[in-house]
There are 2 protein chains.
Amino acid sequence: MRVPKQERQQLLVTLLEEDPFLTDEDIARHFSVSIQTVRLDRLECRIPELRERLKSVASQQMLGTVKSMQAEEIFGEIIDAELDNKAISIFDVKEVHVFKRNGIARGHHLFAQANSLAVAVLDDDLALTVRSSLHFQKPVRAGDRVVCRATVRKETLKNKSTVVDVLSTVESEPVFSGEFQMYRTTKKGG
Amino acid sequence: MRVPKQERQQLLVTLLEEDPFLTDEDIARHFSVSIQTVRLDRLECRIPELRERLKSVASQQMLGTVKSMQAEEIFGEIIDAELDNKAISIFDVKEVHVFKRNGIARGHHLFAQANSLAVAVLDDDLALTVRSSLHFQKPVRAGDRVVCRATVRKETLKNKSTVVDVLSTVESEPVFSGEFQMYRTTKKGG
DNA sequence: TTAGTATTAATACCAAGTGCTAATCTAAAG
DNA sequence: CTTTAGATTAGCACTTGGTATTAATACTAA
């Protein structure tokens, strides 16, 4: 008996978490026991067979496909844009965006939405954020739909930069506001 | 013949892209042909069998697991923290963090690293960002390792809030700096 | 009619299992 | 020393979802 049963079963669990692709034969070799022992172990630990494991891993992947699209959408979906003037985006706050401890959205998601919108409204090959000052006015929670409005200020500063004002609201209540000073290489429509 | 062969084979491809879990039997029913026909179709289209499909979907998931961990690590890895005083985190910039058009890191990643660090250094159940003012001093690119230092200012404002100063550097060069005014419910270690 | 394609059927085989029964091994207790 | 229990191993029939191959049938077009 190389390794006591209990320990082996614990190892089995972590082993398959790391690599769910192992067949019973692989596992048997790994622990130097018979295939039958592996099967008993799986039975006792309620670990499904290889093919079922792959099925469930794969189905998570299919769910994840949707999820990772959402992850890219943390910037928010731009629903209206008038270049060099103003733009609007919406961002639906999910569980993944909030602190587990208090259910309040992490600040950088609101920042990301606003900053992305500020970049987008300038439609410039090289629009970079230089400075910004922000005000998180009210906590945002999962389920909230954040509407962000960006407005480009008409005056351009000496150093090729432009100021974009942003205001994010949830059900018409301001939750976040600020301004972004953006550096740009070219000025369009002026 | 319900549907001509070519069309059926094209449909087969998209069908399995949408749902790779279908057995040949399922597919046969779907197109009202025999299982053998489905198998010939798969052969001609070089579509592998169910189990191989699941294997490849699942292996993408396992790669994705690493990826999504990285996605959660966009906040940066905290390498040193002295609660209510100062903390340091590092964030390795990857291709996914930069604008394709100019190769420069999106501002919200730098913000996220700094803001997360500001939250972490306060170690408070309810540390929220109230205001912040930021300066993006120098573009950051893929491959750069951003080191962010956060320092908690000693004086506490009337309204239960604390100011955290942050400075991010790449190879000792400042790239980003700012301050976060954080709201907190309790003050510890004072 | 006859060739050529498309479809269906039938058979043997494989991998990776489940489910069940039976044998063996080992170690501790009486 | 023997008994007993738990752990391990073995064997066999059966299941799924296939592959590979060969043969038969149907439809179509020249």
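Buried means under 20% relative accessible area, exposed means over 50%, and partly exposed is what falls in between (1.4 Å probe, protein chains only). That wording runs through the close-ups below. This is a predicted model, where local features need pLDDT of at least 70, side-chain atom pairs count only at pLDDT 80 or more, and totals for chains, interfaces and linings use all residues. Residues are numbered from 1 along each chain as its sequence is written, chains are lettered from A and ligands numbered from 1 in the order in which they are written, and side-chain values use heavy atoms, with hydrogens and water left out.

**View 1. A:Arg29 and A:Glu25 pair up on helix α2 of chain A.** The two side chains meet in a salt bridge at 3.6 Å, N to O; a salt bridge here is a side-chain nitrogen of Lys or Arg within 4 Å of a carboxyl oxygen of Asp or Glu. Both residues sit in α2 (residues 24–31), four residues apart, or about one turn of the helix. Helices are DSSP runs (H or I, at least four residues), numbered from the N terminus. A:Arg29 is exposed, at 55% relative accessible area, while A:Glu25 is partly exposed, at 46%. Side chains of opposite charge can pair when their charged atoms come close. Over all chains, the structure holds 24 salt bridges.

**View 2. B:Glu52 and B:Lys55 form a salt bridge within helix α4 of chain B.** Here the N to O distance is 3.2 Å. The partners are three residues apart, again about one turn of the helix. B:Glu52 counts as partly exposed at 34% relative accessibility, and so does B:Lys55 at 36%.

**View 3. DNA strand D is met by both protein chains.** 15 residues surround this strand, and the closest are A:Ser34, A:Thr37, B:Arg42, B:Leu50 and B:Arg51; to be near a strand, a residue needs a heavy atom within 4 Å of it. Sugar and phosphate make up 67% of the strand D atoms that come within 4 Å of the protein. At least two residues each come from α1 (5–18) and α3 (35–45) of chain A, and from α3 (35–45) and α4 (50–72) of chain B. The top contributor is α3(A), with three residues. Sorted by class, this surface has four nonpolar, four polar and seven charged residues. In that sorting, Ala, Val, Leu, Ile, Met, Phe, Trp, Tyr, Cys and Pro are nonpolar, Asp, Glu, Lys and Arg are charged, and the others, Gly among them, are polar.

**View 4. Chain B reaches the phosphates and a base of DNA strand D.** A polar side-chain atom of B:Arg42 lies 2.8 Å from a phosphate oxygen. B:Leu50 also comes to 2.8 Å from a phosphate oxygen, but with a backbone N or O atom. B:Arg51 goes for a base: an N or O atom in its side chain is 2.8 Å from a base nitrogen of strand D.

**View 5. DNA strand C has its own set of neighbours from chains A and B.** Of the 15 residues around it, A:Asp24, A:Arg42, A:Arg51, B:Ser34 and B:Thr37 come nearest. Sugar and phosphate supply 71% of the strand C atoms within 4 Å of the protein. Three side chains approach phosphate oxygens of this strand: A:Arg42 at 2.8 Å, B:Lys5 at 3.0 Å and B:Arg8 at 2.9 Å. Two or more residues each are given by α3 and α4 (50–72) of chain A and by α1 (5–18) and α3 of chain B. With three residues, α3(B) gives the most.

**View 6. A:Arg53, in helix α4 of chain A, is buried yet has no salt bridge.** The nearest side chain of opposite charge, A:Asp24, is 5.0 Å away (Lys and Arg count as positive, Asp and Glu as negative; His and the chain ends are not counted). A:Asp24 is instead linked with A:Arg39 and A:Arg42 in a network of salt bridges. What does the side chain of A:Arg53 reach at 3.2 Å? That would be the backbone oxygen of A:Pro20. The backbone oxygen of A:Pro48 lies 2.8 Å from a polar atom of the A:Arg53 side chain. Leaving out residues up to four places away in sequence, A:Arg53 touches A:Leu16, A:Pro20, A:Leu22, A:Arg42, A:Ile47 and A:Pro48, where contact means heavy atoms within 4.5 Å.

Methods. Polar contact = N/O pair within 3.5 Å; in protein donor to acceptor, adjacent residues only side chain to side chain.
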